[in-house]
Amino acid sequence: MNAIEVKNLRKSYGETAVIQGVDLTVKQGEILGFLGRNGAGKSAFINILTGIIRPTGGSFSILGCRGLSDQVKKRIGVMPDYSTLYSSMTALEHLQYFSEVSGKKKSTNQCLRVLALVGLDGDARKKAGKFSFGMKKKLGIAAAMIHNPELLFLDEPTSGLDAESVLHIQQLIQDLHKQGKTIFMTSHNLHEVEKLCHRIAIMKEGRIVKAGTMEQLRAHCRSTITVSLKHLPVPKMQTAMLYDWLEGFGTEVEAQETSTRVTIDAEEKIAQVIRAFNQCKVDILRVEVDEPTLEEIFLEE
Amino acid sequence: MYSIAKREFFQLFKSIKSILIIALLLLTTYYAAKFADVIIAIAELSSEEAKDAHTAGLLFFMLLFGQLFVMALSHDVMNREIYERTMRFLVTRTSRTSIIAGKFLGVWLFWFSCVTAAFLVTIVFSKHFNLFLLAQTISLFTFQVALAVLLSVIIPKPAFSMFIGVMAGIAFPFFGFWAAFLQDSWYSALRFLSPYTYLIRDDYTFLVVFIGSAAMLLAANELFKRREC
């Protein structure tokens, strides 16, 4: 079963279309990374799926139910983009209150356990008004998971956190996935998305321009491949012949005594490049194929 | 709904404003009840007329200042959370109707506790409990709380709802009494909008005030369902 199914979702403010006919499917148990530049429509999209704003058109179903019924709300956890909390309430009181509102009241010990998971166990009885931005983020994540939801929406869960906290939250996201939870997360940290997410969707101007696994995105993006070879020096007699051939074969060649970089236009040509070195009796020490990173794929859009 | 109501209820007891209003309500009721016997003697009221004289202070308080105090405490019951975005945590967890109902119930219970406590004070002096009068007073503050919830949904900014709320609180008794006694003019139908029209009668027409309150809450609910948080 799909955890999220979105069909032709639209949202406009007057003449301005924020979401323009988005179709998206998120399978149960997967982590989907949702990328896009500021203002691309990511938060608006999450806000529609979580009931914060109403769509102008289209439809969506969450956990097999059309729209967002009260029963479904009890099965999802949301960390909104702005972790504004009740300044007069402690972290512990927040979790107790939110679990009660969700209809699954948790004991003090259960709340303390969730606070420990996000690294706030030492601050459980501190008022949220005295929390730093990072601590508020952590409390936002704890609030999203307090009622043990099946599906989590995390809007930039690690932005504003220190490096140690980022690793801690990333590990927590992986642990939640191991427990079978589906996670829909947005982030501006592309390395984080590449590391955590099974599938990635890139949004631009209210439309999803790319979606798939990292491999699928790479295949879609890959118009040229750069092969870097470390090798023993090429015999002088062979040098001209080899590099002339490479220049005719590849689109770009950078040659040094013991290393060569060749840019080619198809994956199948990698073997031919290696064969050419072998035929010239040049021992290859290492071959590296530069694959496009998520950053390059993202920037291509 | 109940968790939201519970939080709203206890939250109201925590502010200085509410403590002052409770103190004012209880003191007015206490001293009015205490000196009621003197007033009864001076005014030479019959025993029938004097029956409810002890509650005069409380009624004076609620009729003239009730709306002002309800607005002072609860003008931002909805829009504060929308403005500060804490509402996002609530709307993603429960239905919007539950939020409206919970907020209304919390504020309503606060006033119910205060008014009931004030009525108990009057019993000490009058040795008499008038359930009809209590029910009428409940209908009045139910209307006032529903109006506060509705205004708080309509007006997006808490600072603005504070201003409008205070203005509405001051105008409410003047408009209410003026409208209640309107007759034979083209705008006399306005009297049906005033809760005082139904409260000045000694029969059960005050129950109409509950219907008016329900209508305002339904309107607030429909508006809130369309509101982006």
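Trainee: Why is B:F60 called partly exposed?

Mentor: This is a predicted model, and in it B:F60 has a relative accessible area of 47%. The term buried requires a value under 20% and the term exposed a value over 50%. Because 47% lies in between, B:F60 is called partly exposed. The residue belongs to helix α5 (residues 56–74) of chain B. Its C-alpha atom is separated by 9.7 Å from that of B:A32, the two residues being 28 apart along the chain.

Trainee: What makes B:L27 eligible for a nonpolar surface patch?

Mentor: A patch residue needs over 30% relative accessible area and no salt bridge. B:L27, in helix α2 of chain B, has 47%, so the area requirement is met. Its partners in the patch are B:Y30, B:Y31, B:F35, B:V38, B:I39 and B:I42, and the patch covers about 690 Å². Helices α2 (16–34) and α3 (36–43) of chain B are the elements that give two or more residues to it.

Trainee: Why is A:T226 counted as buried?

Mentor: The relative accessibility of A:T226 is 15%. As the limit for the term is under 20%, the residue therefore counts as buried. A:T226 lies in strand β11 (residues 225–231) of chain A. Apart from neighbours within four places in sequence, the residues in contact with A:T226 are A:R261, A:V262, A:T263, A:E288, A:V289 and A:D290.

Trainee: How do you know that A:K11 forms a salt bridge with B:E228?

Mentor: The rule asks for a side-chain nitrogen of Lys or Arg within 4 Å of a carboxyl oxygen of Asp or Glu. For A:K11 and B:E228, the closest N and O atoms are 2.8 Å apart, so the pair is a salt bridge. The pair crosses between chains, from strand β1 (residues 2–13) of chain A to the segment after α12 of chain B. A:K11, at 7% relative accessibility, counts as buried, whereas B:E228, at 29%, counts as partly exposed.

Trainee: How many salt bridges does the rule find across the interface of chain B and chain A?

Mentor: The rule finds 2 across that interface. A:E100 also forms a salt bridge with B:K6, where the closest N and O atoms are 3.1 Å apart. That distance is within 4 Å, so the definition is satisfied. Over all chains, the structure holds 15 salt bridges.

Trainee: What is the area buried between chain B and chain A?

Mentor: It is about 2,400 Å², and carbon and sulfur atoms give 53% of that. In chain B, B:F89, B:T92 and B:R93 lose the most area to chain A, together accounting for 32% of what that side buries. The contact takes 23 residues from chain B and 30 residues from chain A. There are also 12 residue pairs in polar contact between the two chains, both residues being at pLDDT 80 or more. On the side of chain B that touches chain A, α1 (2–14), α7 (87–91) and α12 (207–226) give two or more residues, and α1(B) gives the most, with 5 residues.

Trainee: What makes the salt bridge of A:E30 with A:R199 a tie between parts apart in sequence?

Mentor: A:E30 lies in the loop between β2 (16–27) and β3 (31–36) of chain A, and A:R199 in strand β9 (residues 199–204) of that chain, so the pair ties together parts that are 169 residues apart in sequence. Their closest N and O atoms are 3.1 Å apart, and both residues are buried.

Trainee: Is A:D123 buried or exposed?

Mentor: A:D123 has a relative accessible area of 15%, which is under 20%, so it is buried. A:K126, with which it forms a salt bridge at 2.8 Å between the closest N and O atoms, is partly exposed, with 43%. Elsewhere, salt bridges that share partners join B:E8, B:E81 and B:K103 into one network.

Trainee: Why is A:K281 called exposed?

Mentor: Its relative accessible area is 69%, which is over 50%, so A:K281 is called exposed. The residue is placed in the loop between α10 (269–279) and β14 (284–290) of chain A, and its phi is near 60 degrees, a positive value in a residue other than glycine. Most residues other than glycine have a negative phi. A:E205 is not a glycine either, and has a positive phi of about 45 degrees. A:E205 is found in the loop between β9 and β10 (207–212) of chain A, and with a relative accessible area of 56% it is exposed.

Methods: Residues numbered from 1 in each chain as written. Chains lettered and ligands numbered in written order. Predicted model: local features only at pLDDT ≥ 70, side-chain atom pairs only at ≥ 80, totals over all residues. Heavy atoms only, no water. Patch = residues over 30% accessible without salt bridge, like charges linked within 9 Å, V, L, I, M, F, W, Y side chains within 5 Å. Areas by Shrake-Rupley, 256 points an atom, 1.4 Å probe, with all protein chains shown as cover. Helix = DSSP H or I, 4+ residues; strand = E, 2+ residues; numbered from the N terminus. Buried < 20%, exposed > 50% of the residue type's maximum accessible area, 1.4 Å probe, protein only. Contact = heavy atoms within 4.5 Å. Buried area = accessible area lost by both parts, 1.4 Å probe. Polar contact = N/O pair within 3.5 Å; in protein donor to acceptor, adjacent residues only side chain to side chain.
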